[in-house]
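Reader: Please give me a close look at the nonpolar core. Then place it within the rest of the chain, with the charged pairs and any odd backbone spots.

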Amino acid sequence: MSATDACELPADRRRGSTFGWSLGVVLRRWHEYVEETLSDLPHRSRGYHILAVVVHEDVPTQGALAARLSIDRSVLTYVIDDLENAGLIERKLDPQDRRARRVVATDRGRAALAEAERRVAHAEDHVLGGLPEDQRDAFRDYAARAAEAIHAAAPATDPCVAVRSVLPETEQSDE
């Protein structure tokens, strides 16, 4: 391999430290495949993550949803608007606090999420195709545990900043 070969291992890998490079490559490929597979969902992966939390977690209010996903409230509002306009979610008054709104999935939203989860799992299997299936599951589990620990230690950290630092600007235009 020549020094200019794009597939040549970075210098830090040759020294044995590949963690950041590896995460960047996996994240970039994941983002490419998932954005493509979710092209019919408003805001693609961002809409998917919001819909998944609304369906699978008991997040009491729109503000709590913003905090859970570390998404700026103003950004969350326009994504929720688009998900609501697509008939996937709806805002309801919170019975404990009439000033607050709960975001709940519609039947259509639950069905759309189930289909999106199937497609995302397929995309992830493709991204992690170089690993045996049990190692793919372990990778997902360890990555989730690490992310949850980081989020618990610094809940205000915006995960979108990390994505933006890895992806070229042209791939960020739909966020």
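Author: Two residues are in contact when heavy atoms of theirs lie within 4.5 Å. Counting contacts with a separation of 6 or more, 52% in the protein chain come from residues 24 or more positions apart. The model is predicted, so to speak of local features a pLDDT of at least 70 is required and side-chain atom pairs count only at pLDDT 80 or more, while totals for chains, interfaces and linings use all residues. Residues are numbered from 1 along each chain as its sequence is written, and side-chain values rest on heavy atoms, with hydrogens and water left out.

The protein chain has 8 helices and 2 strands, which are DSSP runs numbered from the N terminus (helices H or I, at least four residues; strands E, at least two). Read from the N terminus, the order of the elements is α-α-α-α-α-β-β-α-α-α. Of the 175 residues, 32% are buried; buried means under 20% relative accessible area, exposed over 50%, and partly exposed in between, with a 1.4 Å probe and protein chains only.

Now the core. A nonpolar core is a set of buried Ala, Val, Leu, Ile, Met, Phe, Trp, Tyr and Cys residues joined through side-chain atoms within 4.5 Å. The largest one holds 28 residues, and Leu38, Tyr48, Ile50, Leu51, Leu65, Leu76 and Ile80 have the most contacts inside it. Two or more residues each come from helix H2 (19-37), helix H3 (44-56), helix H4 (62-69), helix H5 (73-85), strand E2 (97-105) and helix H6 (107-127). H3 supplies the largest share, 7 residues. In soluble globular proteins, nonpolar side chains tend to be buried together.

Leu65 shows what the packing looks like from one residue. Leaving out residues up to four places away in sequence, Leu65 touches Ile50, Val53, Val54, Val59, Leu76, Ile80 and Val103. Three of these partners, Ile50, Leu76 and Ile80, also appear in the list of residues with the most contacts inside the core.

Next, the charged pairs. A salt bridge here is a side-chain nitrogen of Lys or Arg within 4 Å of a carboxyl oxygen of Asp or Glu. Side chains of opposite charge can pair when their charged atoms come close. The whole structure contains 15 salt bridges. One of them joins Asp40 to Arg119, with 3.2 Å between the closest N and O atoms. Asp40 sits in the loop between H2 and H3 and Arg119 in helix H6, so this pair ties together parts that are 79 residues apart in sequence. The two ends differ in accessibility: Asp40 is exposed at 56% relative accessible area, whereas Arg119 counts as buried at 19%.

A second bridge links Arg91 and Asp81, and its closest N and O atoms are 2.7 Å apart. Because Arg91 belongs to strand E1 (residues 89-94) and Asp81 to helix H5, the pair ties together parts that are 10 residues apart in sequence. Arg91 counts as partly exposed at 24% relative accessibility, and Asp81 counts as partly exposed at 29%.

Glu90 and Lys92 also meet through their side chains in a salt bridge, at 3.5 Å from N to O. Glu90 is partly exposed, with a relative accessible area of 31%. Lys92 is partly exposed too, at 42%. Beyond these pairs, Glu124, Asp125, Arg136, Asp137 and Arg140 are linked in a network of salt bridges.

The backbone has a few spots to check by eye. His43 is not a glycine but has a positive phi of about 65°, and His43 lies in the loop between H2 and H3. That loop is where Asp40 is found as well. Arg44, likewise not a glycine, has a positive phi of about 45°. Arg44 belongs to helix H3, the element with the largest share of the core. At 25% relative accessibility, Arg44 counts as partly exposed.

Last, Asp97 is a residue of strand E2, one of the elements that give two or more residues to the core. Asp97 is partly exposed, with a relative accessible area of 25%. Its C-alpha atom is 9.4 Å from that of Thr61, although Asp97 and Thr61 are 36 residues apart along the chain.
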